[in-house]
Amino acid sequence: DIEKARVIVDIVGGLCDKRLGSSTVHMKIVGCDWNKVENPQLSPLVTFTQSGPRQIHNGIPAHLLDIQVLDILDSDSKRIEHIYSFFQGDQPLVRTIDLRDANAADEAIEEAEESENPTNVSKGIFKEDELEDDTVDSLATMKEEEENGTELVRFQYDGRLMLEFETTGDELACSSYSLQDEYEG
């Protein structure tokens with residue numbers, strides 16, 4: 001089978017999509033020994049290096065895939081241990097995506113785009129011009145939803161909440177106030 005697809009991989013910090021570091025991404029066809037992670041690793045793995053929070057990987061086999069983050073490095077090429085442990089700890093975090101029908105959505109969008117008039121000509125009829133603009137916007141929305149739905153795999157590290165606070169002196173000078181004086185009467 002030679003059909004290829006694309007997959008979008010997000011490796012982010014929190015809902016703000018912060019960059020975590022340089023990541024090593026591994027993809028494997030489900031139920032196939034190709035590119036299988038073993039211990040010890042007897043054959044070299046095919047991996048992808050991802051430097052940003054989102055990357056599009058093209059030419060990926062259009063199959064059911066398992067995807068995982070094998071490593072994550074800081075700017076000094078040192079492993080970021082606490083994030084690595086989150087993705088690869090006792091039980092590696094593996095996402096599965098079905099790319100077998102991903103190209104069908106692309107083809108449907110391409111057909112819809114081809115059926116539109118590619119020239120930017122107006123008939124001067126407001127309603128028809130508005131309909132054409134809405135159709136173009138709709139196609140753009142369909143493309144974005146298709147990419148973010150059927151082809152997106154997201155790995156999100158939310159971090160560890162660490163509360164730090166500092167107390168300063170009483171700025172209102174209330175420390176010398178005593179309720180006892182109020183009730184002694």
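**Exercise 1. Find the residue in β7 that is the bridge partner of I67, and place the strand β6 among its neighbours.**

*Solution.* Keep in mind as you work that this is a predicted model.

Step 1. Look across from I67 into β7: the bridge partner there is R95.

Step 2. Now count the bridges. β6 and strand β7 (residues 94-98) run antiparallel and are joined by five bridges.

Step 3. Turn to β3. Eight bridges join this strand to β6, and the two run antiparallel. One position to check by eye is H26, which stands opposite Q68 in β6.

Step 4. Check how enclosed the strand is. Seven of the ten residues of β6 are buried, so the rest of the structure largely encloses this strand.

**Exercise 2. Name the residues that touch the most other members of the largest nonpolar core, and list the contacts of I67.**

*Solution.* A general point helps to begin with: in soluble globular proteins, nonpolar side chains tend to be buried together.

Step 1. The largest nonpolar core has 22 residues, and V7, I11, I67, F87 and F155 touch the most other members.

Step 2. Ask which elements give two or more residues to this core: they are β1 (4-13), β3 (22-29), β6 (64-73), α1 (81-88) and β8 (152-157).

Step 3. Leave out residues up to four places away in sequence, and I67 touches V7, V25, H26, M27, L93, V94, R95, I97, V153 and F155. R95, the bridge partner from Exercise 1, is thus on the list.

**Exercise 3. Classify the ring pairs F86 with Y157 and F87 with F155.**

*Solution.* You need the distance of the centres and the angle of the planes to describe a pair of aromatic rings.

Step 1. The structure holds three aromatic pairs. For F86 and Y157, the centres are 5.2 Å apart and the planes stand at 70°; because planes over 60 degrees apart count as edge-to-face, this pair is edge-to-face.

Step 2. Locate the partners: F86 is in helix α1 and Y157 in strand β8, 71 residues apart.

Step 3. Compare accessibility. F86, at 39%, counts as partly exposed, whereas Y157, at 10%, counts as buried.

Step 4. F87 and F155 have ring centres 6.0 Å apart and planes at 85°, so this pair is edge-to-face. F87 lies in helix α1 and F155 in strand β8, so the pair ties together parts 68 residues apart in sequence. Both F87 and F155 are buried.

Step 5. Put the pieces together: ring pairs link F86, F87, F155 and Y157 into a cluster.

Notes. Residues are numbered from 1 along each chain as its sequence is written. This is a predicted model: local features need pLDDT of at least 70, side-chain atom pairs count only at pLDDT 80 or more; totals for chains, interfaces and linings use all residues. Side-chain values use heavy atoms; hydrogens and water are left out. A nonpolar core is a set of buried Ala, Val, Leu, Ile, Met, Phe, Trp, Tyr and Cys residues joined through side-chain atoms within 4.5 Å. Buried means under 20% relative accessible area, exposed over 50%, partly exposed in between (1.4 Å probe, protein chains only). Helices (H or I, at least four residues) and strands (E, at least two) are DSSP runs, numbered from the N terminus. Contact means heavy atoms within 4.5 Å. Rings of Phe, Tyr and Trp (its six-membered ring) pair if their centres lie within 6.5 Å; planes under 30 degrees apart count as stacked, over 60 as edge-to-face and the rest as tilted. Two strands pair if DSSP finds at least two bridges between them.
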